[in-house]
Amino acid sequence: MSSSIETRIDGGRMRRLKVLIADDHRLMLEAVRLVLDDDPDIVIVGAAMDGSQVLPLVDQTAPDVVLLDIRMPGMDGLTCLTAIREQFPKVKVIVLSGHDEPALVRTVLRRGATSFISKQILARDLPSAVRQVFEGTIFAELGEHDAAPRPNGGLTERELSILEAVGTGRSNSQIARDLWLAEPTIKYHLTNIYRKLGVTSRTEAVHHAYSQGLIENPLVGGDSIAS
């Protein structure tokens, strides 16, 4: 099943999510390209191994998302990030780095990155993560002392809709079908929901959401919630 990340163009038709990759390691660049190329909703519109190539490629290819490494020759990733935010404010930038120190995450988010993704991510999860960042449903969080309190337990509207569906006893495949999403995308959202709510299961998530008033009338019995 295809996900619904495709974006609308003139006439109401749909097109695939356009992604530009920038990484100075050829092996990593090709690995990311292969992983994303396997996703039917994503098209790679450009690739750069030198930071000085990034802005011209963004201008030429008009990507929806730039996957950006931090350490690159010519122009480092942070400088590229700042320039993209200034010159192409509608382009979303995901910093994809092998270094995930909290200070670095805070820096890239404050510089305007839409999200930070560690290169430790499983290859199979990367396309889903890129899609969800584009939708605005996941993001890298700042540390607990830097983050402001968030409404709805920090859950996005999409996560709340999935949690409500879980509360009615629907399975992942049923939720995916109802929301026109891929089943791995539902699993990815559930992982984020558990993390945000501090729970480890579907039943705990529904109980917590009900007690906090995040969703209405869930079926909280353990037997009624599909695994």
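This report describes how helices H6, H7, H8 and H9 pack against one another in a predicted model.

## H6 against H8

Helix H6, which spans residues 157–167, packs with helix H8, residues 183–197, at an angle of about 95°, and their axes are 10 Å apart. Because angles of 65 to 115 degrees count as roughly perpendicular, H6 is roughly perpendicular to H8.

On the H6 side the contact is made by Arg 158, Glu 159, Ile 162, Leu 163 and Val 166, while H8 contributes Ile 186, His 189, Leu 190, Asn 192, Ile 193, Lys 196 and Leu 197. Sorted by class, the residues of this contact of H6 with H8 are seven nonpolar, two polar and three charged.

## H6 against H9

H6 also packs with helix H9, residues 202–211, where the axes come within 10 Å and cross at roughly 110°. That angle makes H6 roughly perpendicular to H9.

Leu 163, Val 166 and Gly 167 of H6 make this contact with Arg 202, Ala 205, Val 206 and Ala 209 of H9, and the residues of the contact divide into five nonpolar, one polar and one charged. Leu 163 and Val 166 are thus listed in the contact of H6 with H8 and again in the contact of H6 with H9.

## H7 against H8

Helix H7, residues 172–179, and H8 have axes that come within 8 Å and cross at roughly 110°, which makes H7 roughly perpendicular to H8.

Here Asn 172, Ser 173, Ile 175 and Ala 176 in H7 meet Glu 183, Ile 186, Lys 187 and Leu 190 in H8, and by class the contact of H7 with H8 holds four nonpolar, two polar and two charged residues. Ile 186 and Leu 190 of H8 take part in this contact and also in the contact with H6.

How values were computed. Residues numbered from 1 in each chain as written. Predicted model: local features only at pLDDT ≥ 70, side-chain atom pairs only at ≥ 80, totals over all residues. Heavy atoms only, no water. Axes fitted to C-alpha atoms, helices over the stretch in contact; angles between N-to-C directions. Helix = DSSP H or I, 4+ residues; strand = E, 2+ residues; numbered from the N terminus. Parallel < 35°, antiparallel > 145°, perpendicular 65-115°, else oblique. Contact = heavy atoms within 4.5 Å. Nonpolar A, V, L, I, M, F, W, Y, C, P; charged D, E, K, R; others polar.
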